[in-house]
Amino acid sequence: MITHAVIFAPIGQASRSDQIVQRLSNAIITGLLEANEQLPNEADLAKMMGVSHITIREALNTLRANNLIHTVRGRNGGSFVCEQAWELSHSLNPFKTLSTDYLSDLGEMHCAIISHSARLASRRMTNADITRLRDFVAVLAASTTPEARTQADMRCLLAIAACSQSARLANQELILQSEWSSLVAMLFRSENIHREIVDLYISLIDTLESHNEIESVNIAKKLIDTFTFYLIENKLKHNVNNNQ
């Protein structure tokens, strides 16, 4: 599943157990990892995320202490997402620890990747690529849950990056999705935001299909800027609610 490929993707040389905790906590709280879902074992997680077994063990211990996962011993045992994880969403909400500067910087980085991907894709996309992207956007439009919408959105963005035919751009988008997807899942609880994003994707496809490079870049920027605006808006609302 593409969602899990992003969640458990390598987190880089500068990774620490707290970064793994943040990523997995966000994935659990936003529903990308569902209640009672079993995580990969420690050895597989270490390999998938490119860290040591000790780092993984420290991160899992923290997740257990936060009551986000529990461990079952025995032949069919392992680490599982707790059923009550959603109840902890207020105290562990990602917007509690992330600053507006962080969200703005994340949005700028994502905008650079997707806008340049759109520039190249407008030159290189085939009819088959356009059809595939339309299918992905149709799935996004028809999705009714935040999790399903987030997964569909991830496919759309990764497809745009892949159609740039730049392996570096596609890889950077995959890495960035590990931070982006868990935050966007919270936005997709809103029907209005969902519809607005779908409309932007439809407009982007039309410009890509007509090989209009300038408009493709402009709409791609608007797409990511819209996400970023709502992320920052939600952060500010979270601050206000906590101060009341």
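**Exercise 1.** Find which residue just after helix α8 takes a positive phi, and describe the helix that precedes this residue.

*Solution.* Gln165, just after α8, takes a positive phi of about 60°. This is a predicted model, in which local features need pLDDT of at least 70, side-chain atom pairs count only at pLDDT 80 or more, and totals for chains, interfaces and linings use all residues. Residues are numbered from 1 along each chain as its sequence is written, and side-chain values use heavy atoms, with hydrogens and water left out. Next, α8 covers residues 146-163, where helices are DSSP runs (H or I, at least four residues) numbered from the N terminus. Its 18 residues reach 26 Å from first C-alpha to last, close to the 26 Å expected, the expected span being 1.5 Å times one less than the number of residues. Finally, 14 of the 18 residues are buried (under 20% relative accessible area, with exposed over 50% and partly exposed in between, for a 1.4 Å probe and protein chains only).

**Exercise 2.** Work out which parts the salt bridge between Glu42 and Arg57 ties together.

*Solution.* A salt bridge is a side-chain nitrogen of Lys or Arg within 4 Å of a carboxyl oxygen of Asp or Glu, and the structure holds seven. In the bridge of Glu42 with Arg57, the closest N and O atoms are 2.9 Å apart. Glu42 lies in helix α3 and Arg57 in helix α4, so the pair ties together parts 15 residues apart in sequence. Glu42 is partly exposed at 24% relative accessibility, and Arg57 is partly exposed at 37%.

Methods. Helix = DSSP H or I, 4+ residues; strand = E, 2+ residues; numbered from the N terminus.
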